[in-house]
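User: I would like to go through the labels used for this model and see what each of them rests on.

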Amino acid sequence: MEGAGAALVLLFSLLWTVSSAGFYGDSISFMPPECKADGTYKVTFFHRQNAKGQCENDSSLTCESGVCTTFDKTAVVETDKGSTGEDKWFQAEQQTTISVSTNETSLALSVLCCCWNTTAEGRNNWATHAELDLRTRSDTHAINRCPVTATVSSLRVVSNCFSELLLLAHDPDGDNVRCRFTTSATVPTNFTLDEDTCTLKPTGEIPSGVHLFEVTLEDVPTQNITLTYKDGTSVFREAANMNLPPLCKITLRFSMKVLPSIPECVLGDRRPVFLYKTPSHGAILQATVGQPFQLYVPAQADDASINDFQVSGPQNMTKEFKDDTSGRAEVALKWIPQQDDLHRLVPVCFTAETNYTQSEMRCVVIRVTQAVTKQGKATVQCFPNKMTVTLEKSSMPGIDVNFLKLRDPSCSLTSNSSHITATMSFSTCGTTIEDKGDYIVLTNEIVSFDQPNEVITRREKVKIDFSCQFPKSISISNHYSLHESDYIFTESSFGSFGYTFDIFQDSNFTDKVEPTAYPVEIRLMQLIFMGIQAQSELPNVELFVESCKATPDDNPENSLSYYLVRNGCIEDETFRVHPSDPHSFRFEVQAFKFSGNYDQVYITCSVILCEPESPFSRCAQGCLSDASRRRKRELSRETASHYITQGPLRFVEDDSPNPVKEDKDFVMKNSVVATTVNSSSVSPDTRSTNSENWAVGTLLASNISTVVFASAFLVSVVLLALLVHYYRKKRKAEDRSALIENDI
């Protein structure tokens, strides 16, 4: 750790006596450290131990240098146990709170014990280690918090079915978490650990048996911060400096049994698969002090019987198991957080068990808060391409719509005398799409916020989650995946408004390419006709396209990009704007592709709606060769800038069949490049040569190459004919001269 002195070391000899069956692993998690008024620190941590047999309550604590003024520990409490076939598991947890009096800037903890279950690596003794920085961060105004992690007690994988194990690595402060094998660890054969994603993966054939893994998790700030000690001294920490030590370091230990191979690795057959309602790995769930928290985890295994669920959770969490004859089973987890759990981040991991196999391990984090967040009465309407949430004001007296937002803060809400409303499409406003097994679930939330310059607030916190779910048995992919054409937003000054972004068959802009024809197959140098249409509750608005750029995927932030329009100025020489009404923007561009192994292109445009009578709006400014000249957005005169995406456009060779043409009678016309047309949306008079570093692929189609070769052949034939004619004429002249000489 950084700081003026060596780290303080506290040795915790937690002598948990394990049965002869042995030790499976352990984890340690911390409550937020506190600096008390008397200058001492309060540090509370939870130690979970996994074993094959029961852990007895035989723990002791020693503290060097007399820096621990007080300490308090609970009994070792059983949290889960069970057995599946020949494998048994047992998990217990103990809470320890210490008061530390020290002038150091960091704290180190060690937990020493014995003995590991029999493993292929032959390890016996084990030691859990943690290091904490005790200084206050400038970004959170609190002492740094350690990453949160855990595993279930007994992990089992089938040798020919194992692809990866996702480890929980959540940081409460939003830091990056790096995972690596501990320096003293013996890494099992043919395993590797992705440091950035904390994912364990095989690198070859993995040997059967029980393998031991020891992993260190470290947090590294993502931004520059200042760390301040209790005496007022501080140090600047640069995020980009990777040579600095982490702010916290904890150890995670687990064992994994590799089972012999099975004939098939299909999920949901012999290997259980989680179903809808099961949270995603790494999800952050909310719990309130004194109120019941419930978590449902269903799973399915058609060719095996799910007989239990392993759960790694807090003390006093109960589980209720249910199953049926169809291969489906479910566990209901229930827990009531106590006042001492306030602000705690609780890791919960779970697996579904059969006699021979095990599902993937998923882990979530439960954040414990006070009951101060309002949950208003809301209704949600789900449509094929959008969802609308309506909140009754009467259910939340005193609520201020001006301080509510969706996940994407650029999307605000509208209100009348009785309700607050927001409408969004599935690809806007921060809406997330999750695969929940049998269902596709789309979620968003309404939350309150404070202004950055507010020192105090008297507004109550608001958090309302809402979602739409669609069964996989019906096809809704055209509405939000393959053809991303409908974009719906809500802003307080503009109400609900939306955009459609379509590809057309020709320059008439009347016949759209049907959603079922996506991805659209095109050829290089082909003219592509596209159009953007705005719809608004306000009748008199103007559409402005601020930028359009191409990327090889649907990520508009991809560093590999090519601008067609930037700051309202056309940058591509083949880009032509067609006449349209103020609500529309129609254009054509010659097809191109990115150099390298890329066969498709997405087009993303940034669009704004303005009130046309405003002379200072972004629409009125038009093309800005200098982006710094852009005026600050007038909230009542224009919307925020929103991204809309169209694609993919997939490139095919000339001799390849075009399924779009065959199935939909659609062909993009190779017409002559149109002349430049002035438009209020983009100013084509101001052009700039595109100086992007990214090379755009060759614009020569394969049929052009054929023409070139044919032309070269014809030229050669003509030249040969001329040469033959020349020499034949010359030979006749020589013969004539010879005859004349003979006559003489």
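Analyst: Buried means under 20% relative accessible area, exposed means over 50%, and partly exposed lies in between, computed with a 1.4 Å probe on protein chains only. This is a predicted model, in which local features need pLDDT of at least 70 and side-chain atom pairs count only at pLDDT 80 or more, while totals for chains, interfaces and linings use all residues. Residues are numbered from 1 along each chain as its sequence is written, and side-chain values use heavy atoms, with hydrogens and water left out.

User: Why is Phe-509 called buried or exposed?

Analyst: Its relative accessibility is 6%, and the cut-off for buried is under 20%, so Phe-509 counts as buried. Phe-509 also has a positive phi, near 55°.

User: Why does Asn-190 count as buried, partly exposed or exposed?

Analyst: Asn-190 has 28% relative accessibility, and therefore counts as partly exposed. Its phi, near 65°, is likewise positive in a residue other than glycine.

User: What makes a set of residues a nonpolar core?

Analyst: The members are buried Ala, Val, Leu, Ile, Met, Phe, Trp, Tyr and Cys residues, joined through side-chain atoms within 4.5 Å. The largest such core has 63 residues, of which Tyr-499, Ile-532, Phe-575 and Cys-605 touch the most other members. A second, separate core of 44 residues includes Ala-150, Phe-181, Leu-200 and Cys-248.

User: Which peptide bond is cis, with omega near 5°?

Analyst: That is the bond from Gly-647 to Pro-648. Most peptide bonds are trans.
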